[in-house]
Structure formats: structure tokens, C-alpha cells
Amino acid sequence: SKTDPNFFVVFVEDDGGEVVWMTFGGTGSYQKVPWYETPTVQLIMAAIMLLGFLSCIITMPFSRYRHWPVWLMSLIGLAFLAGLAYMTMQADLILFFKTIPLATKLLFLLPWLIGALTLTYPLALASLWRKRPAARVWLLYGLNMAAAAAFIWFVNYWNLYQF
């Protein structure tokens, strides 16, 4: 094949010799991101949140060990993720009108509510500890707690608690 003499690749290194930027032919530059910013890690975080919140919403109403703040936190977390996905699809419309709709402003209040409900989690675990439930109940609560931790990290990292 014929090689284009105008095409080039440049790697930019920091003082320690680590590659931090890459440029293709002057058309665009790409910065190396930390491992936690990669799409794979972000998708894993989303999967943990969805699995943890959904499992709690589905199973907790039928369990003897009901803790409504944990269930409500899962429901609101799932609603926030759905609203965020919908808002992302409607981003062009928001840019067209050059205003932030009231529904979007209300959506960004939900992480604060989830944070407050997450503070009730130690009480739910203490109550659960006294009842000595089966291992599957502990697994459900552990998965939900992992989802809550992933949610708090995700919202904080992307600054989704500000409006």
C-alpha cells in the first residue's frame, strides 16, 4: 500500500518518560486516562449499580427483612440512572433551547436524597445482624451496598450532584 507522507503519529511524554498524549496527523490529540476513567470500568460501575438496585427492588418487598430506606434508595437510584440515560439522549434538545428543563434540575436533586438514605444503611445492617438471616440476604445487602458505593463514587466523579 502507498504511505501518505502527510500522515504522522506523535507521542508526547512527561518528564518521567511516560506517554501522556498521542496525536494522529495533526487531526486530533488523545490523552491517556487513568484506569478508572476507561469505558470498561465505567460500564462495570453501571452494571454493579443496576444489578444492586434492581435486585433490591425486586426481592426486598417479598423478604421478611424489609428496610424501606434501603429499598427507597434503590428505587431512587434506578430512577436517577434512567433519567440520566434519557437526559443524555436528549442533550441536543437541551442545547437547542439553551435552557435546563425543570425535570433535569429535579433529577440532580436525587443524588442528595440517595446520599441521605445511604446514611441509614448502618441501622439496617445492625437490625439485620440481630435477626441472623440466611447468607442470601447478606448477599443481597452486600450487593446493594456495593451499588450504593458505586453510585456515590460515580455521581461524585462526574459531578452529577450539582445543578
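Helices and strands here are DSSP runs, a strand being at least two residues of E, numbered from the N terminus. By that rule Phe11 sits in strand S1, which covers residues 9–13. One thing to keep in mind throughout is that this is a predicted model.

**A greasy patch at the start of the chain**

Phe11 is part of a nonpolar surface patch of about 360 Å². Its partners in that patch are Phe7, Val9 and Val19.

**The one salt bridge**

Searching the whole structure turns up 1 salt bridge. It joins Lys32 to Glu18, with 3.0 Å between the closest N and O atoms. The two partners come from distant parts of the chain, 14 residues apart. Lys32 belongs to the loop between strand S3 (28–31) and H1, while Glu18 belongs to the loop between S1 and strand S2 (19–24). As background, side chains of opposite charge can pair when their charged atoms come close.

How open are the two ends? Lys32 has a relative accessible area of 52%, so it counts as exposed. Glu18, at 42% relative accessibility, falls in the partly exposed class.

**The nonpolar core**

Now to the inside. The largest nonpolar core has 32 residues, and the members touching the most other members are Phe53, Phe80, Tyr141 and Phe151. Five helices each give two or more residues to this core: H1 (39–59), H2 (68–89), H5 (110–118), H6 (121–131) and H7 (135–157). In general, nonpolar side chains in soluble globular proteins tend to be buried together.

Which residues does Tyr141 touch, leaving out those up to four places away in sequence? The list runs Met60, Tyr65, His67, Val70, Tyr121, Ala124, Leu125 and Leu128.

**Ring against ring**

There are 10 aromatic pairs in the whole structure. One of them is Phe80 with Phe151, an edge-to-face pair with 5.5 Å from centre to centre and 85 degrees between the planes. This pair ties together distant parts of the chain, since Phe80 is in helix H2 and Phe151 is in helix H7, 71 residues apart. Both of these phenylalanines are buried.

Trp153 and Tyr157 make a stacked pair, because their ring centres are 5.1 Å apart and their planes meet at 10 degrees, with under 30 degrees being what counts as stacked. Both residues lie in helix H7, 4 residues apart, which is about one turn of the helix. Trp153 is partly exposed at 30% relative accessibility, and Tyr157 is also partly exposed, at 25%. These two rings belong to a cluster linked by ring pairs, whose other members are Trp35, Tyr36 and Trp158.

**Two residues with positive phi**

What is the phi of Arg132? It is near 50 degrees, a positive value in a residue other than glycine. Arg132 is in the loop between H6 and H7. Asn159 is another non-glycine residue with positive phi, about 55 degrees, and its place is in the segment after H7.

**Pro133 and Leu102**

Pro133 is also in the loop between H6 and H7. Is Pro133 buried or exposed? Its relative accessible area is 11%, and the cut-off for buried is under 20%, so Pro133 is buried. Setting aside residues up to four places away in sequence, Pro133 touches Tyr65, Leu128 and Trp138. The contact with Tyr65 spans a long stretch of sequence: the two are 68 residues apart along the chain, yet their C-alpha atoms are separated by 8.2 Å. Tyr65 and Leu128 also turn up among the contacts of Tyr141.

Leu102 is in helix H4, residues 102–107. From Leu102 to Ser74 is 28 residues in sequence and 23 Å in space, C-alpha to C-alpha.

Here are accessibility values for some of the residues from the last two sections.

| Residue | Relative accessible area | Class |
|---|---|---|
| Arg132 | 59% | exposed |
| Asn159 | 42% | partly exposed |
| Leu102 | 61% | exposed |
| Pro133 | 11% | buried |

Note on methods
Residues numbered from 1 in each chain as written. Predicted model: local features only at pLDDT ≥ 70, side-chain atom pairs only at ≥ 80, totals over all residues. Heavy atoms only, no water. Core = buried A, V, L, I, M, F, W, Y, C linked by side-chain atoms within 4.5 Å. Buried < 20%, exposed > 50% of the residue type's maximum accessible area, 1.4 Å probe, protein only. Contact = heavy atoms within 4.5 Å. Patch = residues over 30% accessible without salt bridge, like charges linked within 9 Å, V, L, I, M, F, W, Y side chains within 5 Å. Areas by Shrake-Rupley, 256 points an atom, 1.4 Å probe, with all protein chains shown as cover. Salt bridge = Lys/Arg side-chain N within 4 Å of Asp/Glu carboxyl O. Phe/Tyr/Trp six-rings, centres within 6.5 Å; stacked < 30°, edge-to-face > 60°.
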